[in-house]
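Colleague: Got a minute to look at this one with me? I'd like to go through how the helices pack and then the pocket.

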Amino acid sequence: ILGYLDLIESADRSGVSDDHMRVLRKHATRLNSISEHIKRLRLIWQNEGSTVDTPAAELVEKALTPLGAHGDAIDVEPIGDATVRCHPFAHWAIEEAVDNARTHNDDGTTVTVDANRGVVYEGRVDRAHADLPAGTGQ
């Protein structure tokens, strides 16, 4: 759809207003975004129960790469050389969390990513209890 819109925009569009083109592009872009989210969900579900060992620094880097244009508003705490056992697409969860933090805060707010805080219990990192001693999970 987006490719066809590019062709229409570059052609003689007698009878098609610029407003119509903007509306078409907006809807096509939204449809493309929804399609990409569905692809991600399908991959997540297809790999349910799978885990991979990933260096924490690599996991965070992979999560933040798509947000590169906003790098000045994202602060990453030193990560070290820890390895994380996680879902193969865990980086998408980090990406989503950082993107949501950026979206739902005032302009100019810096989002801090700290992969060193978290309590591991029952095989999960619990962000809600990040200030508790490791292993308590309460």
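**Helix crossings and a pocket**

Modeller: Sure. Let's start here: α3 goes past α4 in a right-handed crossing. Keep in mind that this is a predicted model.

Colleague: OK, at what angle do α3 and α4 pack, and how far apart are their axes?

Modeller: The angle is about 55°, and the axes are 8 Å apart. Here α3 covers residues 56-64 and α4 covers residues 90-103. That angle makes α3 oblique to α4, because it is neither under 35 degrees, nor over 145, nor in the range 65 to 115.

Colleague: Which residues make that contact?

Modeller: From α3 you have Leu59, Lys62, Ala63 and Leu64, and from α4 there are Ala90, His91, Ile94, Glu95 and Val98. Sorted by class, the residues of this α3 and α4 contact are 6 nonpolar, 1 polar and 2 charged.

Colleague: Cool. What about α1 and α2, where do their axes cross, angle-wise?

Modeller: Roughly 160°, and the axes come within 10 Å. Since angles over 145 degrees count as roughly antiparallel, α1 and α2 are therefore roughly antiparallel to each other.

Colleague: Is the crossing of α1 and α2 left-handed or right-handed?

Modeller: Left-handed. On the α1 side, the contact is made by Leu2, Leu5, Asp6, Ile8 and Glu9, while α2 brings in Met21, Leu24, Arg25, Ala28, Thr29 and Asn32. The residues of this α1 and α2 contact split into 6 nonpolar, 2 polar and 3 charged.

Colleague: Switching topic: what volume does the second largest pocket have?

Modeller: About 220 Å³.

Colleague: And which elements give two or more residues to its lining?

Modeller: Those are α2 and α4. Helix α4 gives the most to this lining, with 6 residues.

Colleague: Which residues line the second largest pocket?

Modeller: Among them are Ser33, Glu36, His37 and Arg40, then Pro66 and Leu67, and also Trp92, Glu95 and Asp99. Glu95 shows up twice in our chat: it lines this pocket, and Glu95 is also part of the α3 and α4 contact.

Colleague: How many lining residues fall in each class?

Modeller: The lining of the second largest pocket has 3 nonpolar, 4 polar and 5 charged residues.

Technical notes
Residues numbered from 1 in each chain as written. Predicted model: local features only at pLDDT ≥ 70, side-chain atom pairs only at ≥ 80, totals over all residues. Heavy atoms only, no water. Axes fitted to C-alpha atoms, helices over the stretch in contact; angles between N-to-C directions. Helix = DSSP H or I, 4+ residues; strand = E, 2+ residues; numbered from the N terminus. Left-handed = near helix turned anticlockwise from the far one by under 90°. Contact = heavy atoms within 4.5 Å. Nonpolar A, V, L, I, M, F, W, Y, C, P; charged D, E, K, R; others polar. 1 Å grid on protein atoms, 1.4 Å probe; cavity = no way out; pocket = protein on both sides within 12 Å on 5 of 7 lines; lining within 4 Å. Points joined across faces, edges and corners; volume = space filled by probe spheres on them.
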